[in-house]
Amino acid sequence: MSKNKLKTEKPESKKAKATPAPNPEVLKKDKEADVKVKELVKDERTHKVMGVFFLLLSIYCFIAFTSYIFSWEEDFDKVNRYSTRELFFGDVSVDNLLGRLGAFVSHGFFYNGFGIASYLFCYFFFIIGVNFIVGRRVFRVWRNVKYILFGLLFISMSMSFLSFGAEFPFGGAVGNALTKWTSGFVGKTGTALLLLVLGFSWLIWKFNFDFKWPESKPKPPKPVPVPAAAVSPIVPAAEQPLTSPQQKSNGLKDNAGVMVIPPTAEEEEEELPPMQLVEKEDITVIPAHHAPVVPLSAPEPEHLTLEDDEDYTEEELAAAGPLLYIDESVEKARDLDLPAEPPSRKKNNTDEVAFEIKPTYSDEEDEGEEIVPVREAVPVDPYDPSLDLSNYRFPGLDLLENHNADKVIVQDTTELEKNKNQIIDTLKNYDISIQKISATVGPTVTLYEIVPAAGVRISRIKNLEDDIALSLSALGIRIIAPIPGKGTIGIEVPNVKKSIVSLKALLASEKFQNSTMDLPIAIGKKIDNENFIADLAKMPHLLMAGATGQGKSVGINTLLVSLLYKKHPSQLKFVLVDPKKVELSLYKLIEKHFLAKLPGEDDAIITDTKKVIHTLNALCIEMDLRYDLLKEAGTRNIREYNSKFTQRRLNPQKGHRYLPFIVLVVDEFADLIMTAGKEVEMPIARLAQLARAVGIHLIIATQRPSVNIITGTIKANFPARIAFKVSSKIDSRTILDIGGAEQLIGQGDMLVSFNGELVRLQCAFVDTPEVESVAEFIGNQKGYPDAFLLPEYVDDKDPDGRELSLSDRDPLFEEAAQVIVQTQQGSTSLLQRRMKLGYNRAGRLMDQLEAAGIVGPNMGSKAREVLVKTDADLQEILNDLL
Ligand SMILES: Nc1ncnc2c1ncn2[C@@H]1O[C@H](COP(=O)(O)OP(=O)(O)OP(=O)(O)O)[C@@H](O)[C@H]1O
């Protein structure tokens, strides 16, 4: 093969593959001669040398300039008198600390140049030096050059102007010339003004001050005049349409000068409008709950006085509309013309309860007058769901092991060097020259990052992936060409000495401890040793696959234990499905704290396929019920719902309850699909599609990531996926949509595909005894009386569930009848919510109630008529049925 031919040959992969491997010796000589100078200029070492040079130059100039300030007078004549030649070769002694050169250079810069402004050159050399040494643009050169040029002219001119007549060359020759010309042109005053304009322009450009004329303060709102004793009606702030949404969103203005509603913490977090600089004095901010409030839609209530009030029952009072509430602060505020202290709120919608009502006695009691009880709305603390288990202690980190993870394993530098050279040589064999190579040592693998020489196509390296891996002859090599977002090529080579990543270290990390995520899971460490902690709630479901023995079970334990370290039993429930029967059995101990199960089940950990189907369907019912609750509460997700509930704005009497997150863990999904197929797939797909907003999240693991198990429907709904080592590239593609997982080295080495990124991680390790001790620690504490009960699911195909006749009434028949008669609402969904039932069972109950003459016939979308009006009548019917 001739030299020319080789040179013109296009580096296309097919051609490259078709031709026999080129002789490295021949190639080396040809290419090296050609690209030597270019390579030298591009070589990172050249850059480093340049960097050091500029840094030292910057320091040199700085010292010389500073010394010049003190020695210029002595050296002036010598430097001025002698020629450059004399300065280099003569024996004149100067006072400048940096000798003749120092004196000469500083004289040049100061006297003949820019005076004091010459220090900007030190800065310039410094940024150039740093950029060269670090190898990237730490400082933006062109922007700095612009500032420096402006600074040189402006400072030298101002210094020269201000120091007019001084001997020291404050402004240098340039400054003097500029001042002279300008003074002649616009006069001295004009020059001064010009300098001021320039100076201010620069400051404004740089800092963009906000000049605002202070406006007169809007008058704070007057409290609504209320009769007798500063009584102010109370309505929920949520119902005050005093600001338009727009006013609200752009931060706080109110035309009427009445009040400004700052966004709630959540709104701030979620949909902050672009920040605007607003002068504090400009507006008066009155938080919504501080503003005096007026009833808006409700008719003017009859103000309750003592006499009105004393015989009222709690229900009558609630029905009477907005409460009146004596608030001294309103009175004071009126006197002082200030906004009032927060008035308490009271619902006028039975769904929202904000305050407890407590009779108190007015001060007049002391004066011996008739005791005048007045009703006062007493703010109630937010509902704390953890109060049922208020003494619950979170497991401590001492229950976990270090696994020698704190021993830093120092990577052998000779090994690094050897691998690096081998990579360079291998690439050279394929006629690929490189500009730069760097290594990042991770816990399991080291990433060698390569910048190919100019002109080398990345696609070519990608096509040679297999050959390169073969030449490097190490197990578990993965080539990432290019590394997304970087334009470099990564080659991951397994470390000879691997380090274990202990879960303890991850849980102790600040990132985990301070995390405010809903469901933080500590997964592992990235190649750059950064902890990978993610929010399961955002994932929102996770699919895990890996051949047997590659770290899946450890992975599941890692996720579960991380959640146990961060969540209170009231906030989180697990539904554990373990067809292998052994993997998750450890968690039995925490049944009464963290597990959920079907009513009537003994064991919370589900191992039987039929029960799995029931449980999955029960979860679907729970999801639907939660959606109903969310809808009724006017909230979009579990976060908003729970926050409204904890603020006591939702009425538990109407079926509202605090909703814990539910995490469904399926340890061996393949097994279930093989035995139950669609019956399992459908509810899983439904949950995966819809359940995230209501706080139900899925973690599904499988040994066999084949397409008939991880179907399109499943895959489409699991955007976050984890692959441990799998046995083939096809498996890797099934789980991650890309090869690579077959190249992993096992023992927790994994690839995580999340947010469109593929990251290689070493999974955190937690051993079975550790999980056991954490479970024991929790299990030994006081728990709830039972596991969290999922709604009942009755299988339609189940012959036991199909009987509808009155002689074989549902066990819940009596309870359902009572609910219907007490509420006088013949609604199936009411039964579902109140009794936590599935639609089918509630529907069947309703049919039985109809048969018993308690409710009327089905009226389509409307509720059925309730035919029995009182409890006594119902009791009669029930007695007859016995
Ligand atoms: N993150 C890890 N760090 C270190 N070693 C690990 C890690 N994960 C797993 N291992 C090692 O691999 C072994 C097998 O892991 P594990 O039991 O989790 O595999 P598996 O994929 O669940 O296997 P199977 O499917 O057969 O249950 C563990 O006993 C442990 O020695």
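Where does Met-157 lie? Select Met-157: this residue lies in helix H8 (residues 141–162). Before going on, know what is on screen. The model is predicted; local features need pLDDT of at least 70, side-chain atom pairs count only at pLDDT 80 or more, and totals for chains, interfaces and linings use all residues. Residues are numbered from 1 along each chain as its sequence is written. Helices (H or I, at least four residues) and strands (E, at least two) are DSSP runs, numbered from the N terminus.

**Stop 1: Met-157 and its surroundings**

Stay on Met-157. Is Met-157 buried or exposed? Met-157 is buried, because 27 other C-beta atoms lie within 10 Å. A residue is buried if 20 or more other C-beta atoms lie within 10 Å of its own, exposed if 12 or fewer, and partly exposed in between; C-beta atoms are placed from the backbone.

Now show the contacts. Leaving out residues up to four places away in sequence, Met-157 touches Gly-171, Gly-175, Leu-178, Thr-179 and Leu-195. Two residues are in contact if their C-beta atoms, placed from the backbone, lie within 7 Å. Then select Ala-173. Met-157 and Ala-173 are 16 residues apart in sequence, and their C-alpha atoms are 9.5 Å apart in space.

**Stop 2: H7 against H8**

Keep H8 and add helix H7 (residues 119–134). The axes of H7 and H8 come within 10 Å and cross at roughly 170°. That makes H7 roughly antiparallel to H8. Axes are lines fitted to C-alpha atoms, for helices over the stretch in contact, and angles run from 0 to 180 degrees between N-to-C directions. Angles under 35 degrees count as roughly parallel, over 145 as roughly antiparallel, 65 to 115 as roughly perpendicular and the rest as oblique.

Which residues of H7 meet H8? Pick Leu-120, Tyr-123, Phe-124, Ile-127 and Asn-131 in H7. Their partners in H8 are Val-141, Asn-144, Ile-148, Gly-151 and Leu-152. By class, this contact of H7 with H8 has seven nonpolar, three polar and no charged residues. Ala, Val, Leu, Ile, Met, Phe, Trp, Tyr, Cys and Pro count as nonpolar, Asp, Glu, Lys and Arg as charged, and the others, Gly among them, as polar.

**Stop 3: a four-stranded sheet**

Next comes an open sheet of four strands, in the order S5-S6-S8-S7 with antiparallel pairing. Two strands pair if DSSP finds at least two bridges between them. Strand S5 (434–441) and strand S7 (478–480) are the edges, each pairing on one side only. On average, neighbouring strands of this sheet are turned by 20° against each other, direction ignored.

Zoom in on S5 and strand S6 (residues 445–452), which pair in the antiparallel sense over seven bridges. Find Ala-439: this residue stands opposite Tyr-448 in S6. Then add helix H15 (residues 413–429), which lies across S5, S6 and strand S8 (489–494). H15 runs at about 145° to S5.

**Stop 4: a nine-stranded sheet**

Move to an open sheet of nine strands with mixed pairing. What is the order of its strands? Read across: S10-S9-S18-S17-S16-S11-S15-S14-S12. The edge strands are S10 (531–535) and S12 (572–577).

Select strand S16 (residues 720–723) and strand S11 (residues 542–545), a parallel pair with four bridges. Ala-545 stands opposite Ala-723 in S16. With strand S17 (residues 749–754), S16 pairs in the antiparallel sense over three bridges. There, Arg-721 stands opposite Ser-753 in S17. Add helix H27 (residues 729–736), which lies across S11, S16, S17 and S18.

**Stop 5: H24 and H25**

Select H24, which lies across strand S14 (661–666) and strand S15 (696–702) and runs at about 90° to S15. H24 (residues 669–676) also packs against helix H25 (residues 678–690), at an angle of about 125° and with axes 7 Å apart. That makes H24 oblique to H25. Leu-672, Ile-673 and Ala-676 in H24 meet Glu-679, Val-680 and Glu-681 in H25. These residues divide into four nonpolar, no polar and two charged.

**Last stop: H31**

Finish at helix H31 (residues 839–851). Its buried residues include Arg-841, Leu-845 and Leu-849. Helix H29 (813–823) and helix H30 (828–835) are among what covers the buried residues. Just after H31, look for Gly-853, which takes a positive phi of about 80°.

Terms used: Expected span 1.5 Å × (residues − 1).
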